[in-house]
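Student: I would like to understand how the terms used for aromatic rings are applied. May I put some questions to you about the following structure?

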Amino acid sequence: MGTINNKLKFNLDKLRAELEREYLPKGEEKELWAKICSENKNHERRKRVRIFTISVSVAASVALLCVWQWNKHQVLPETEIDYWAICQPVTPEELQSPNVQLLLSDNQKLDISHNESKIDYQADGKVKVNEDTVHIKKEGPQDLNQLIVPAGRRASLTLSDGTQMWVNSGSRVIFPMEFAENKREIFVEGEVFLNVSHKEQVPFIVKTKEIDVTVLGTQFNVSTLESKHTMEVVLVSGKVEVTTKAHVKNILQPNELYTYNTSTHQTSLEKVDVSDYIAWKDGYYQFNKQPMDKILQKIARYYGIQINWGQGIAKLTCSGKLDLKDNPDDIFILLKQAAPIEVEKVNGEFLVKVKP
Amino acid sequence: MLTKESKIKWAEFLSGNTDAYSWIYETYVQLLYRYGLRFTQDSELIKDSIQEVFTYIYKNRGHLSSPDNVKAYLLISLKYNLIHSLRKELSYDLSDKENIPFSLEPTVEDVVIEKERLTLQSEQIKKMLSLLTSRQQEIIYYRYIQELSFEEICQLMNLNYQSAQNLIQRSLKKIRDNFELLLLLLSLSFVL
């Protein structure tokens, strides 16, 4: 071992302490663990399938019996759906596609190239995409479908119970082709605005990675933006109950914003102007004295572009409306008029600085 | 202490105990994350690589051996996973050892707070690190911060025993030679 003088040792200890200040936020640590477990589970399932096919070739009758018993086992107790496991098999190529994707239960996939798609699951079981009826092979009515909306796109979706849903860019929704009689449940990642059709006896539950929102006929916005470590629910009308994974419950009144921080696990409720939060569904963002960095975050996510900003940007605030139908270059022209900023485009990334 | 306990947990994990598996994750995830930050600031990439490491050991638990030092084993696995992904991203040559980026400088999250607490010591550390190459910073990290044995360092850095010894002696000498001068300069600036 090399000799090491005291002063040097002191500095190395200091350095060690500095390095230990870095950490992965608790929420992300948990999230990562969940992903690991879900991948392992998938692996086990695939392994089981493999073992199963081998046994088919050995003795078909035995295998059939197994299928039946296994199915019976799976269906009878009402188990929680592992939405994460459903999210996983989607390949990165599918996520990177510039088009809206509708993944159906039997490996059917619809690629929708419109900027703003309209998808309608009608009560009679037909599905319409932008006014065209599509034929979907149905195996079971409660089969889960998945809608993936990439950056720069938006979609609206009408579910089989008449619930209307606007899905913002960079989001995904998992939902059944037809709801069960006693329960309506969907899974959301990203940002959606919902207008839930009123059915007193059948609760509507929006599941997300960290929180569940239970509804009885209402309009609200759910946003799970991972980069900010926060989940937001904004209620327009009606009544919803939000439950975190740790079973902390909050009931929202209209015009309230609920925030859940996934790293500190703190929840909060505050009165807000709801129109700021839901304007995106009508094709614009509305800001009221919003810090510039928050605005840039939203634009970056909406258009799927990289925006970097310099010091002082967070101190600027901006109010007004931004039309989202424009391309990002037009957005920056508007922003430059509204605030003292300079915008450069370097290698396809935008750099925003305060005007000196 | 921890080394011993980790070995026991590892054995339990190999025999199918899932609690032991999650114990290993909880015990080492932060350490691995911090280690990853030495190679890249891309926390998503680090998390993906940690996931790779843990799902790999799970899938292969039937035919894994028991490492002498679980920490060193996990560090090696993470390094190779990370370098593999980084190589794809930045297209640099893995065989070129000198080219693997490694930085001991702590990542700065909040610039304003960081500036306020920037003490004389941090300045000294910065200067000290600026003297060293990536490779030299990496070996100092394994030896004095992770306190690994030379055998483990050789594995992690793909070196033989003698080269590892030489590398660390050269690094220390470089620091010492420049350090005397550095302290002098700092005290001078105080007098003025």
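Student: Why is B:Y142 called buried?

Tutor: This is a predicted model, in which local features need pLDDT of at least 70, side-chain atom pairs count only at pLDDT 80 or more, and totals for chains, interfaces and linings use all residues. Side-chain values use heavy atoms, with hydrogens and water left out; residues are numbered from 1 along each chain as its sequence is written, and chains are lettered from A and ligands numbered from 1 in the order in which they are written. B:Y142 has a relative accessible area of 0%, and buried means under 20%, with exposed over 50% and partly exposed in between (1.4 Å probe, protein chains only); therefore B:Y142 is buried.

Student: What makes B:W10 and B:Y73 an edge-to-face pair?

Tutor: A search of the whole structure finds 17 aromatic pairs over all chains. In the pair of B:W10 and B:Y73, the centres are 5.2 Å apart and the planes meet at 70°. Rings of Phe, Tyr and Trp (its six-membered ring) pair if their centres lie within 6.5 Å, and planes under 30 degrees apart count as stacked, over 60 as edge-to-face and the rest as tilted; so this pair is edge-to-face.

Student: Why is B:Y73 called partly exposed?

Tutor: The relative accessible area of B:Y73 is 22%, so B:Y73 is partly exposed, whereas B:W10, at 1%, is buried.

Student: How do you know that the charged end of B:R61 sits over the ring of B:Y58?

Tutor: The charged end of B:R61 is 4.0 Å from the ring centre of B:Y58. The term requires NZ of Lys or CZ of Arg within 6 Å of the ring centre and within 35 degrees of the ring normal.
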